Amino acid sequence: STLSMIRLLAIAAVATAYGPATAGRGGAIRIVVGSGTSSVPRGGGGLIPTKPKPLLKEAAIDLSIMGAAQLFFRRTHCTNARTCELARAVVACRAFFVTVQSYLLAIYVRQLGVARSMKQSAVVKEDLFRMRVRLTKASVKAVFLLAVHLHFGLMPPLVVSCVTAVVALPYWWDRESSYIAKYGRRHGQLFWAAF
(Lines give C-alpha, C1' and ligand atoms only; values in the text may rest on other atoms or scores of the structure.)
Protein backbone atom coordinates (compact mmCIF):
# COMPACT_ATOMS: atom_id res chain seq x y z
CA SER A 1 0.00 0.00 0.00
CA THR A 2 1.00 3.64 -0.26
CA LEU A 3 1.40 4.03 3.50
CA SER A 4 3.71 1.01 3.62
CA MET A 5 5.79 2.52 0.83
CA ILE A 6 6.06 5.83 2.70
CA ARG A 7 7.15 4.00 5.86
CA LEU A 8 9.80 2.05 3.96
CA LEU A 9 11.15 5.24 2.37
CA ALA A 10 11.30 6.95 5.77
CA ILE A 11 13.11 3.96 7.32
CA ALA A 12 15.57 3.87 4.42
CA ALA A 13 16.28 7.59 4.84
CA VAL A 14 16.95 7.24 8.58
CA ALA A 15 19.08 4.12 8.08
CA THR A 16 21.13 5.91 5.44
CA ALA A 17 21.62 8.95 7.65
CA TYR A 18 22.68 7.07 10.75
CA GLY A 19 24.34 3.99 9.28
CA PRO A 20 28.12 4.03 8.67
CA ALA A 21 28.56 7.62 9.81
CA THR A 22 27.62 6.81 13.40
CA ALA A 23 29.02 3.29 13.59
CA GLY A 24 31.08 2.75 16.73
CA ARG A 25 29.88 5.93 18.42
CA GLY A 26 27.30 4.22 20.60
CA GLY A 27 24.46 6.37 19.29
CA ALA A 28 24.36 8.51 22.44
CA ILE A 29 22.56 11.84 22.31
CA ARG A 30 23.74 14.61 24.56
CA ILE A 31 21.08 16.87 26.06
CA VAL A 32 22.16 20.25 27.34
CA VAL A 33 20.27 21.56 30.35
CA GLY A 34 20.66 24.88 32.10
CA SER A 35 24.01 26.55 31.51
CA GLY A 36 26.00 23.40 30.76
CA THR A 37 29.58 23.84 29.72
CA SER A 38 31.00 22.69 26.42
CA SER A 39 34.37 21.30 25.42
CA VAL A 40 34.57 23.92 22.66
CA PRO A 41 36.53 27.00 23.76
CA ARG A 42 34.69 30.33 23.99
CA GLY A 43 37.27 32.03 21.79
CA GLY A 44 37.69 31.29 18.12
CA GLY A 45 41.16 29.76 18.35
CA GLY A 46 40.40 26.14 19.25
CA LEU A 47 37.39 25.47 17.01
CA ILE A 48 37.32 22.46 14.70
CA PRO A 49 36.53 23.05 11.00
CA THR A 50 33.09 21.80 9.96
CA LYS A 51 33.42 18.73 7.77
CA PRO A 52 31.77 18.65 4.33
CA LYS A 53 28.54 16.70 4.01
CA PRO A 54 28.49 13.32 2.25
CA LEU A 55 26.72 14.44 -0.92
CA LEU A 56 25.63 10.99 -2.13
CA LYS A 57 24.07 10.19 1.23
CA GLU A 58 22.31 13.55 1.37
CA ALA A 59 21.03 13.10 -2.19
CA ALA A 60 19.67 9.64 -1.33
CA ILE A 61 17.84 11.02 1.70
CA ASP A 62 16.47 13.99 -0.28
CA LEU A 63 15.15 11.65 -2.99
CA SER A 64 13.51 9.46 -0.34
CA ILE A 65 11.86 12.51 1.22
CA MET A 66 10.63 13.77 -2.16
CA GLY A 67 9.27 10.35 -3.08
CA ALA A 68 7.46 9.96 0.23
CA ALA A 69 5.97 13.48 -0.04
CA GLN A 70 4.75 12.87 -3.59
CA LEU A 71 3.13 9.59 -2.59
CA PHE A 72 1.47 11.22 0.41
CA PHE A 73 0.07 14.20 -1.48
CA ARG A 74 -1.11 12.06 -4.40
CA ARG A 75 -2.78 9.64 -2.00
CA THR A 76 -4.66 12.50 -0.30
CA HIS A 77 -5.47 14.18 -3.67
CA CYS A 78 -3.80 17.33 -2.41
CA THR A 79 -0.93 18.01 -4.82
CA ASN A 80 -2.42 21.40 -5.69
CA ALA A 81 -3.90 23.93 -3.27
CA ARG A 82 -6.72 24.86 -5.67
CA THR A 83 -7.96 21.30 -6.14
CA CYS A 84 -7.15 19.93 -2.68
CA GLU A 85 -10.12 18.23 -1.07
CA LEU A 86 -8.83 19.00 2.42
CA ALA A 87 -8.84 22.74 3.09
CA ARG A 88 -7.18 22.19 6.47
CA ALA A 89 -4.25 20.42 4.81
CA VAL A 90 -3.49 23.53 2.75
CA VAL A 91 -3.54 25.73 5.86
CA ALA A 92 -1.46 23.18 7.80
CA CYS A 93 1.20 22.95 5.05
CA ARG A 94 1.48 26.71 4.79
CA ALA A 95 1.76 27.08 8.56
CA PHE A 96 4.38 24.30 8.67
CA PHE A 97 6.40 25.98 5.92
CA VAL A 98 6.33 29.44 7.52
CA THR A 99 7.12 28.07 11.00
CA VAL A 100 10.05 25.86 9.97
CA GLN A 101 11.58 28.39 7.58
CA SER A 102 11.27 31.21 10.13
CA TYR A 103 12.84 29.06 12.84
CA LEU A 104 15.73 28.00 10.60
CA LEU A 105 16.40 31.59 9.49
CA ALA A 106 16.34 32.73 13.14
CA ILE A 107 18.91 30.04 14.02
CA TYR A 108 21.13 31.05 11.08
CA VAL A 109 21.02 34.73 12.09
CA ARG A 110 21.73 33.87 15.74
CA GLN A 111 24.71 31.69 14.84
CA LEU A 112 26.10 34.42 12.60
CA GLY A 113 25.83 36.90 15.47
CA VAL A 114 27.64 34.55 17.85
CA ALA A 115 30.38 33.84 15.31
CA ARG A 116 30.90 37.58 14.68
CA SER A 117 31.36 38.18 18.41
CA MET A 118 34.12 35.56 18.71
CA LYS A 119 37.82 35.81 18.05
CA GLN A 120 38.23 35.86 14.27
CA SER A 121 40.39 32.78 13.73
CA ALA A 122 40.73 31.11 10.33
CA VAL A 123 38.02 28.57 11.23
CA VAL A 124 35.58 31.26 12.39
CA LYS A 125 36.17 33.33 9.23
CA GLU A 126 35.54 30.28 7.04
CA ASP A 127 32.39 29.45 9.01
CA LEU A 128 31.18 33.05 8.74
CA PHE A 129 31.53 32.95 4.97
CA ARG A 130 29.69 29.63 4.69
CA MET A 131 26.95 30.74 7.09
CA ARG A 132 26.38 33.98 5.16
CA VAL A 133 26.03 31.98 1.93
CA ARG A 134 23.68 29.54 3.68
CA LEU A 135 21.52 32.39 5.05
CA THR A 136 21.29 34.06 1.63
CA LYS A 137 20.38 30.80 -0.11
CA ALA A 138 17.80 29.92 2.55
CA SER A 139 16.16 33.36 2.34
CA VAL A 140 15.97 33.35 -1.47
CA LYS A 141 14.75 29.74 -1.53
CA ALA A 142 12.00 30.42 1.03
CA VAL A 143 10.69 33.44 -0.89
CA PHE A 144 10.90 31.62 -4.24
CA LEU A 145 9.08 28.50 -3.00
CA LEU A 146 6.36 30.55 -1.34
CA ALA A 147 5.89 32.54 -4.57
CA VAL A 148 5.72 29.32 -6.63
CA HIS A 149 3.16 27.88 -4.22
CA LEU A 150 0.98 30.98 -4.24
CA HIS A 151 1.12 31.28 -8.04
CA PHE A 152 0.86 27.62 -9.13
CA GLY A 153 -0.66 26.11 -6.00
CA LEU A 154 1.94 23.33 -5.68
CA MET A 155 1.84 21.66 -2.25
CA PRO A 156 4.72 19.11 -2.01
CA PRO A 157 7.54 21.71 -2.30
CA LEU A 158 6.37 23.37 0.92
CA VAL A 159 6.92 20.24 2.98
CA VAL A 160 9.88 18.81 1.06
CA SER A 161 11.87 22.04 1.28
CA CYS A 162 11.45 22.21 5.06
CA VAL A 163 12.38 18.59 5.72
CA THR A 164 15.39 18.64 3.38
CA ALA A 165 16.59 21.93 4.91
CA VAL A 166 16.56 20.36 8.37
CA VAL A 167 18.31 17.21 7.10
CA ALA A 168 20.96 19.37 5.38
CA LEU A 169 22.06 20.97 8.67
CA PRO A 170 25.71 20.08 9.47
CA TYR A 171 24.58 18.89 12.91
CA TRP A 172 23.30 15.60 11.47
CA TRP A 173 26.55 14.86 9.66
CA ASP A 174 29.19 15.98 12.14
CA ARG A 175 27.86 16.75 15.60
CA GLU A 176 31.18 17.72 17.21
CA SER A 177 32.14 20.41 14.70
CA SER A 178 28.69 21.51 13.50
CA TYR A 179 27.68 25.17 13.62
CA ILE A 180 25.22 24.43 16.41
CA ALA A 181 27.94 22.76 18.50
CA LYS A 182 30.28 25.71 17.95
CA TYR A 183 27.89 28.67 17.93
CA GLY A 184 24.63 27.44 19.43
CA ARG A 185 24.78 25.18 22.47
CA ARG A 186 26.70 27.57 24.66
CA HIS A 187 24.50 30.51 23.77
CA GLY A 188 20.96 29.58 24.71
CA GLN A 189 19.82 27.37 21.83
CA LEU A 190 18.89 24.60 24.24
CA PHE A 191 15.85 23.36 22.36
CA TRP A 192 17.90 22.74 19.25
CA ALA A 193 20.82 21.26 21.21
CA ALA A 194 18.50 18.60 22.61
CA PHE A 195 18.17 16.93 19.20
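Me: Why is Cys84 called buried?
Reply: Buried means under 20% relative accessible area, exposed over 50% and partly exposed in between (1.4 Å probe, protein chains only). Cys84 has 14% relative accessibility, so Cys84 counts as buried. This is a predicted model, where local features need pLDDT of at least 70 and side-chain atom pairs count only at pLDDT 80 or more, while totals for chains, interfaces and linings use all residues. Residues are numbered from 1 along each chain as its sequence is written, and side-chain values use heavy atoms, leaving out hydrogens and water.

Me: How do you know that a disulfide joins Cys78 to Cys84?
Reply: A disulfide is a pair of cysteine sulfur atoms within 2.5 Å. For Cys78 and Cys84 the S to S distance is 1.7 Å, so the pair fits the rule. The link of Cys78 and Cys84 is left-handed, with -85° about the S-S bond. Cys78 is buried because its relative accessible area is 1%.

Me: What makes the sulfur of Cys93 too far for a bond?
Reply: The closest cysteine sulfur, in Cys78, is 6.6 Å away, so Cys93 is too far for a bond. Cys93 is buried too, at 9% relative accessibility.

Me: How do you know that Cys162 is in no disulfide?
Reply: The nearest cysteine sulfur, that of Cys93, is 9.3 Å from the sulfur of Cys162. Cys162 has 1% relative accessibility, so Cys162 counts as buried. By this rule, the count comes to one disulfide.
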